[in-house]
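The following exercises are to be worked through with the sequence and the coordinates at hand. Each task is followed by a solution in steps.

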Amino acid sequence: MNFRHLIAAATLGICASAFAQAPAPMAATGMTKAAAKADYKAAKKSADATLKDAKKACGTMKGTENSACKKDAEAAHKNAAADAKANYKKAQADLKERKQ
């Protein structure tokens, strides 16, 4: 493994760990609808920024390494966006349940 691979692996590892951090359950925190939406927007913004940084790190690579790096970054972004959406929908359901 050369130096570029090592840097790319470290960058993607850091990005993945940032995506893996899950927020506290919404019902347990007494979150409001506005706060849930703000958390969702912040999570999406964070995922977008991490994607941008990961793609920038892929820029030092050439050919198939570059393509694979970008695909990994896109996949991590897609998962982070899906997690953000799922957390938001869960928060909405929890809020609706608490109203009843």
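**Exercise 1. Locate Met31 and classify its exposure.**

Solution. Step 1: Met31 is found in the loop between helix H2 (26-29) and H3. The model under study is a predicted one.
Step 2: The relative accessible area of Met31 is 15%. Buried means under 20%, so Met31 is buried.
Step 3: For a spatial reference point, take Gln92, which is 61 residues from Met31 in sequence. The C-alpha atoms of Met31 and Gln92 are 9.7 Å apart in space.

**Exercise 2. Describe the overall secondary structure and the buried share of the protein chain.**

Solution. Step 1: Assign the elements; the protein chain has 4 helices and 0 strands.
Step 2: Read the elements from the N terminus on, which gives the order α-α-α-α.
Step 3: Count the buried residues; they make up 25% of the 100 residues of the protein chain.

**Exercise 3. Identify the residues of the largest nonpolar core and the elements that supply them.**

Solution. Step 1: The largest nonpolar core consists of 6 residues, namely Met31, Ala36, Tyr40, Ala84, Tyr88 and Ala91.
Step 2: Two elements, H3 and H4, each give two or more residues to this core.
Step 3: H4 provides the largest share of this core, with 3 residues.
Step 4: As general background, nonpolar side chains in soluble globular proteins tend to be buried together.

**Exercise 4. Find the salt bridges and state how far apart the partners lie in the chain.**

Solution. Step 1: A search of the whole structure yields 2 salt bridges.
Step 2: One of them joins the side chains of Glu74 and Lys55, with an N to O distance of 2.5 Å. This pair links distant parts of the chain, since Glu74 belongs to helix H4 and Lys55 to helix H3, 19 residues apart.
Step 3: Check the exposure of these two partners. Glu74 is partly exposed at 35% relative accessibility, and Lys55 is partly exposed with a relative accessible area of 33%.
Step 4: The side chains of Lys90 and Asp94 also meet in a salt bridge, at 3.0 Å from N to O. Lys90 and Asp94 are 4 residues apart in helix H4, and therefore about one helical turn separates them.
Step 5: Classify Lys90 and Asp94 in turn. Lys90, at 48% relative accessibility, counts as partly exposed, whereas Asp94, at 9%, counts as buried.

**Exercise 5. Which residues form a positive surface patch, and which helix supplies its largest share?**

Solution. Step 1: The patch is formed by Lys33, Lys37, Lys41 and Lys99.
Step 2: Helix H3 (residues 33-58) supplies the largest share of the positive patch, 3 residues.
Step 3: Lys99 lies in helix H4 (residues 63-99). The relative accessibility of Lys99 is 78%, and exposed means over 50%, so Lys99 counts as exposed.

**Exercise 6. Is Cys58 buried or exposed, and in which helix is it found?**

Solution. Step 1: Cys58 is found in helix H3.
Step 2: With a relative accessible area of 0%, Cys58 is buried.
Step 3: A distance to Lys71 completes the description: the C-alpha atoms of Cys58 and Lys71 are separated by 10.0 Å, and the two residues are 13 residues apart along the chain.

Terms used:
Residues are numbered from 1 along each chain as its sequence is written. This is a predicted model: local features need pLDDT of at least 70, side-chain atom pairs count only at pLDDT 80 or more; totals for chains, interfaces and linings use all residues. Side-chain values use heavy atoms; hydrogens and water are left out. Patches are made of residues with over 30% relative accessible area and no salt bridge: like charges are joined within 9 Å, nonpolar side chains (Val, Leu, Ile, Met, Phe, Trp, Tyr) within 5 Å. Accessible areas come from the Shrake-Rupley method with a 1.4 Å probe; for residues, only the protein chains shown count as cover. A salt bridge is a side-chain nitrogen of Lys or Arg within 4 Å of a carboxyl oxygen of Asp or Glu. Lys and Arg count as positive and Asp and Glu as negative; His and the chain ends are not counted. The place of a charge is taken as NZ of Lys, CZ of Arg, CG of Asp or CD of Glu. Buried means under 20% relative accessible area, exposed over 50%, partly exposed in between (1.4 Å probe, protein chains only). A nonpolar core is a set of buried Ala, Val, Leu, Ile, Met, Phe, Trp, Tyr and Cys residues joined through side-chain atoms within 4.5 Å.
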